[in-house]
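Visitor: I should like to learn how the features of a protein model are read. May we look at one together?

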Amino acid sequence: MASNTLPAAKAAGPRRRRASASRRTQTRAAYLFVLPFFLVFAAMLIVPLGYAGYLSLFKSQLIGGLSFAGLANYAEALSDPDFLGGVGRMSLFLLVQVPIMLGVALFLALALDSGRVRGGKALRLLYFMPYAVPGVVATLMWGYLYGRDFGPFAQIFQSLGMGAPDFLSPQSVLGSMMNIVTWEFVGYNMIIMYAALRGIPSELYEAAEIDGASQFRIAWNIKIPAIRPAIILTVIFSIIGTFQLFNEPSLLDSIAPDAITNGFTPNFYAYNLAFVNQDVNYAAAIAFLLGGVIAVISYVVQLQTQRAERKQRKSMP
Amino acid sequence: MKKASTTAAAMAVLAGITGYMITGCSPAGSTTPAKDAAPVAREEFDKAMQTPTKLTFWTWLPDVDQEVALFEKKYPQIDVTVENVGQGGEHYQKVRTALKSGEGAPDVIQVEYQYISSFNLTDSLLDLRRYGADDIKDDYVGWAWNQVSDDKGVWAIPQDVGPMGNLYRKDLMEKAGLTKAPATYQEYADAAKAVKEKTGAYISNLPTNDPAQVVGLLWQAGVKPFGYDGDKTVSIDVNSAKAKEVLGYWQDLIQKDLVSVDADFNDQYYQGLASDKYAGWLTAAWAPIFLQGTAADTAGKWNAAPLPQWEAGQNVSGNWGGSSDAVLKTTKNPIAAAELAKFINHDDESTAMFANKQFLFPAAKSVLEDPAFTGKKVDFFGGQEVNKLFAGIADTVDTDFQWLPFTDFAYSSFNEKVGTVIGAKGDLGAALDAWQADLEGYAKDQGFTVK
């Protein structure tokens, strides 16, 4: 986003060359306005980031104390089955849950935007409501719903004379977690897409209708390409959110301790390393690596879409 | 890309803040053995107790204010602030963080027995011998005193203990044709079969997430899984033949579906206790009160007995839970702080209050021998004198049991390596081997010598 504003500023430059004194004042004022942000940014982000990076280069032992370890923590992490297992699990989560969630969100956004749904405003609010429920509460609530003896699902199955499904077994807990996250964030992603849809000029639809395009064609060929940036945004958000999952495993751990291992998600692993194993240095290395994984995947996704866009533009006459 | 790097940064911030809290400063104070330090003289004590002093006491015990009020009544110049910073793990993390940051640490903390050596590792506890702790040694059950002391010092004053017994549903047992509690584990296994066949209930549950209970059962069997010399050497022996025999026994019951494997202390579990899912619970002396709260509908149907024994005629038990109060070395008022820890756990009125109002199972002999406590008939257990039974059991707990100086990890590792296998109804002997390997690996990695 920063790269977008830069050329704009340059373009505005020449016009104001004559009034250079007032321009300088304005520049100074602009820096003054962004200063508070950068102060907090430096204090709350850059400094701790540097400190964590510094920590990750050391090894602390309960006996023997602190010693410089170079990149040993990173080397250890790259062959740590718990960390790699967590990253693998989250990758699976990403491949399965994110497409489902964003697909549903897109469908709902298109449906609401088509204007053919009665009570659209109320529905929009309803879909969005789960996002207003804090993640912790949502997980506790679903934990209750999943309960094997007292949960409503279990009771329905039992009253039908069937065995209650175990949503919290080691095999099924990942799926159950996907469901919680989907429930929570569909509405949020839908709102982003819906807002983007509202921004499309309606002349395009009129033109398409005159050309005899069906609603489906309009959605597929006009709406979706038009809100592509919004969709990419939700994809990136989802990638980040997925790799940062923490509340869900942390809370489900108490009701499904044998299903949620210490390294269930990388973030949960870093937490356990720091507070249970008392190994902050290794936890810092894990957090850094995880940040790296997220950065790489997000970058690859963005690169792919940019390339696709360029290709599309070239293919246009 | 920008978003992603921001996130990476944000992650690191979290790690950074955490790191700052944990290792921001090196542990305060080097080892200064207080050996042969002269006991605090009477005048010194009186002066300290008559000087206006503020103390902070971190504990999660509900209503501890009333015992503290007794202390403040006796020593009006001392003003104690009680703070609850969380229970269990959370509490210890905050204590550690405060100690490492060098400020904000309380004067007195509640500490469970299995965590005392963890705090001794960092040399954080005040040796209470100088403050008269040795004089009251004989006022507590011997094994509890062993838990708070070693040859280097007295590190805390016992508050409550959890000698283990067998709480069972009399009605379900009778339905299965059993008129008395199983005396041996062989009888217990037979009873498990009869109960399951006749009533459909599990004779008990072996939780997937409760190392403390399993360790209590190992304690009863005379297993010595842990040891710590107070310096750099630990001994780890969780996969001894005896330990494998104990868990092999439970594995057999689990695989025959006679013992359930539910995680404990969550809603699901409470529901199982309140319904007829479990016919019993091998648990600690604090459980009778706990059950009355969670399984109120089953009042009158329960009974209490000693644990089954590995050999007929034996009479031994283990311990599960219980706490003590320790003074942190960083305190500026050691005399008053030590007196607080001693007073609330030694004064007759205060200990009686713990036992009869907060229902802690006492470690102090004065209460254990007090007819007002032991003679209480409990309706929930059909009028049985449950306290008397557990007071008797308290004398049979194996006296010598040690812990590792990294209980957090040991327990978390148990859940990973053994708990998951309990849940999967798998080979618990192999699970103990895995636990052993994990503990040894961690200990070596942390610089300990493993014996």
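Guide: Let us begin with A:Gln278, which is buried, with a relative accessible area of 15%. Buried means under 20% relative accessible area, exposed over 50%, and partly exposed in between, using a 1.4 Å probe and protein chains only. This is a predicted model, in which local features need pLDDT of at least 70 and side-chain atom pairs count only at pLDDT 80 or more, while totals for chains, interfaces and linings use all residues. Residues are numbered from 1 along each chain as its sequence is written, chains are lettered from A and ligands numbered from 1 in the order in which they are written, and side-chain values use heavy atoms, with hydrogens and water left out.

Visitor: Where is A:Gln278 placed?

Guide: Helices (H or I, at least four residues) and strands (E, at least two) are DSSP runs, numbered from the N terminus. A:Gln278 is in the loop between α13 (266-275) and α14 (280-315) of chain A. Its phi is positive, about 55 degrees, although A:Gln278 is not a glycine.

Visitor: Which residue of chain B other than glycine has a positive phi near 55 degrees?

Guide: That residue is B:Lys425, found in the loop between α18 and α19 of chain B. At 36% relative accessibility, B:Lys425 counts as partly exposed.

Visitor: How is a salt bridge recognised, and how many does the structure hold?

Guide: A salt bridge is a side-chain nitrogen of Lys or Arg within 4 Å of a carboxyl oxygen of Asp or Glu. Over all chains, the structure holds 25 salt bridges. One of them joins B:Arg96 and B:Asp408, whose closest N and O atoms are 2.7 Å apart. B:Arg96 lies in helix α4 (residues 89-101) and B:Asp408 in helix α18 (residues 407-423) of chain B, so the pair ties together parts that are 312 residues apart in sequence.

Visitor: Are B:Arg96 and B:Asp408 buried or exposed?

Guide: B:Arg96 is buried at a relative accessible area of 12%, and B:Asp408 is buried at 10%. Another pair to examine is B:Arg169 and B:Asp171, with closest N and O atoms 3.0 Å apart. There, B:Arg169 is buried, with a relative accessible area of 0%, whereas B:Asp171 is partly exposed at 26%.

Visitor: What separates B:Lys242 and B:Glu245 in helix α10 of chain B?

Guide: B:Lys242 and B:Glu245 are 3 residues apart in that helix, and are therefore separated by about one helical turn. Their side chains meet in a salt bridge of 4.0 Å, N to O. B:Lys242 is partly exposed, with a relative accessible area of 30%, and B:Glu245 is partly exposed at 45%.

Visitor: Which residues are linked in a network of salt bridges?

Guide: The network links A:Arg148, A:Asp166, B:Asp262 and B:Lys277. B:Asp262 also appears among the residues touched by B:Thr208.

Visitor: What else does B:Thr208 touch?

Guide: Contact means heavy atoms within 4.5 Å. Not counting residues up to four places away in sequence, B:Thr208 touches residues including A:Pro257, A:Asp258, B:Val261, B:Asn415 and B:Ile422. B:Thr208 lies in the loop between β7 (204-205) and α9 (211-220) of chain B and counts as buried at 2% relative accessibility.

Visitor: How does one describe two helices that meet?

Guide: Axes are lines fitted to C-alpha atoms, for helices over the stretch in contact, and angles run from 0 to 180 degrees between N-to-C directions. Angles under 35 degrees count as roughly parallel, over 145 as roughly antiparallel, 65 to 115 as roughly perpendicular and the rest as oblique. In chain B, the axes of α10 (residues 241-255) and α19 (residues 428-445) come within 8 Å and cross at roughly 135 degrees. α10(B) is therefore oblique to α19(B). Among the residues of α10(B) that meet α19(B) are B:Leu247 and B:Ile254, and B:Leu432 is one of those on the α19(B) side.

Visitor: At what angle do helices α3 and α14 of chain B cross?

Guide: The axes of α3 (residues 65-74) and α14 (residues 348-356) of chain B come within 10 Å and cross at roughly 175 degrees. That makes α3(B) roughly antiparallel to α14(B). The contact is made by B:Gln66, B:Glu67 and B:Leu70 of α3(B) and B:Glu349, B:Ser350, B:Met353 and B:Phe354 of α14(B).
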